[in-house]
Amino acid sequence: MMASDKVVFDKPKVELHVHLDGAIRVQTILDVAKRRGIKLPADTVEEMTQIIILQEPSTLTNFLEKFAAYMHVIAGDREAIKRIAYEFVEDKAKEGVIYVELRYSPHFLANANVDPLPWNQSEGNVTPDDVVRLVNEGLMEGEKAFRIKARSILCCMRHMPRWSKDVVELCKKYRSDGVVAIDLAGDESLNCEANPEHKKAYEEAIRCGIHRTVHAGEVGPASVVREAVDVLKAERIGHGYSTVEDQALYRTLLDNNMHFEMCPVSSKLTGACDPDFTKHPIITFMKDKANYSLNTDDPLIFNSTLHMDYSTVHKHMGFTEEEFKRLNICSAQSCFLPEEEKKELLQSLREAYGMIQDTAF
């Protein structure tokens, strides 16, 4: 374990913003490539890790290009898709996570019924629907094996509006089988405003009572956050760092108890925030007792763990054990579980934290 992985909070945690395709084990990528006869630029975990990870603060666009180094290995392979979901649950259990919501684009893991085919693949027989089913199977088996709860969020992609109708339909189809929400992800620096197809998908999600989160204010301006809230009716904001640049919006969202899914290590490496952690916007959120969570985002590409995010804010931003407890309670209250399951999750956390049960919830 690296020094920055030091465990500063060894109690149960909730994680709400982590991408399945950004949390794959490097060994698994090598194993699947070997089985499928796919040539990779390296054949050891150490060398492949160096190719995949972002070493220094960069840009969101450069970060997103990293997926091309390995996604073609996993996409379109049923066994691999189920395996990465199962291993994801195992990895989160080891980090002390008791409830996790992972997110992914079903289209990016498919090789059929997708236009255009991602990662220069040949046409195959794994559809986005198959991907969701396989991920659900992997998660359920992982839940049983490692005794934590895992649910998923399906992502629309800003640069692929034609996929969004499929995404909301898959959310509807699998809503009682592990899928709890819809998301809009991708490079907001290139696609600031949501396309009409995304808006239509979110209107359908609202109509059907599907929960909604949106990546906004990561590298884009506060106006992207405003659109996420006012137009797409987001219940949570992925990242949201630039919200503080619009004080009226920030105050309104604080008053409305909007939840922000924050990823400190990620925000430094994608260039979303000042690389000096002591100037990070999350400090403002913490001081204002905002409703937010701490998350890894893409631990494979950042070569990070959830412990690293916790130790980073502890070391550089003055976070205390009390604040860690508070933000995990906030995370549980803002998660997309049904009310009864949410109450059970909150009860588990409060017992683990030695807090008196709040009967008002």
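Mentor: A crossing of two helices is left-handed if the near helix is turned anticlockwise from the far one by less than a right angle, and right-handed if clockwise. This is a predicted model: local features need pLDDT of at least 70, side-chain atom pairs count only at pLDDT 80 or more, and totals for chains, interfaces and linings use all residues. Residues are numbered from 1 along each chain as its sequence is written, and side-chain values use heavy atoms, with hydrogens and water left out.

Trainee: Which strands are the edges of the open sheet?
Mentor: Helices (H or I, at least four residues) and strands (E, at least two) are DSSP runs, numbered from the N terminus. Two strands pair if DSSP finds at least two bridges between them. The sheet is open and parallel, and its eight strands follow the order β1-β2-β3-β4-β5-β6-β7-β8. Pairing on one side only marks the edge strands, β1 (13-19) and β8 (291-294).

Trainee: What is the average twist from one strand to the next?
Mentor: Axes are lines fitted to C-alpha atoms, for helices over the stretch in contact, and angles run from 0 to 180 degrees between N-to-C directions. From one strand to the next, the twist averages 25°.

Trainee: Which residue in β3 stands opposite Tyr-104?
Mentor: Strand β2 (residues 97-104) pairs with strand β3 (residues 149-157) in the parallel sense, over six bridges. Opposite Tyr-104 in β3 stands Leu-154.

Trainee: What angle does helix α8 make with β4?
Mentor: Contact means heavy atoms within 4.5 Å. Helix α6 (residues 128-146) packs on the sheet and touches β2, β3 and β4 (179-185), its direction making about 160° with that of β3. Helix α8 (residues 196-208) also packs on the sheet, touching β3, β4 and β5 (211-216). Its direction relative to that of β4 is about 160°.

Trainee: How do α14 and α15 lie relative to each other: parallel, antiparallel or oblique?
Mentor: Angles under 35 degrees count as roughly parallel, over 145 as roughly antiparallel, 65 to 115 as roughly perpendicular and the rest as oblique. Helix α14 (residues 306-317) packs on helix α15 (residues 321-334) at about 135°, with axes 11 Å apart. The crossing of α14 and α15 is right-handed. The two helices are therefore oblique.

Trainee: How many charged residues are in the contact of α14 with α15?
Mentor: Tyr-310, Val-313 and His-314 in α14 meet Phe-324, Leu-327 and Asn-328 in α15. Ala, Val, Leu, Ile, Met, Phe, Trp, Tyr, Cys and Pro count as nonpolar, Asp, Glu, Lys and Arg as charged, and the others, Gly among them, as polar. By class, this contact has four nonpolar residues, two polar and, for charged, no residues.

Trainee: Is α7 roughly parallel or roughly antiparallel to α8?
Mentor: Helix α7 (residues 164-173) packs on α8 with axes 8 Å apart and an angle of about 15°. The crossing of α7 and α8 is right-handed. That angle makes α7, relative to α8, roughly parallel.

Trainee: How many residues of the contact of α7 with α8 are charged?
Mentor: Among the α7 residues in this contact are Glu-169 and Lys-172, and α8 brings residues including Glu-197 and Arg-207. The classes are four nonpolar, two polar and, for charged, five.

Trainee: Is α1 roughly parallel or roughly antiparallel to α5?
Mentor: The axes of helix α1 (residues 26-36) and helix α5 (residues 78-94) come within 11 Å and cross at roughly 165°. The crossing of α1 and α5 is right-handed. The two are therefore roughly antiparallel.

Trainee: Which loop holds Pro-116?
Mentor: The peptide bond from Asp-115 to Pro-116 is cis, with omega near 0°. Pro-116 lies in the loop between β2 and α6.

Trainee: Which loop holds Arg-147?
Mentor: Phi of Arg-147 is near 55°, a positive value in a residue other than glycine. Arg-147 lies in the loop between α6 and β3.
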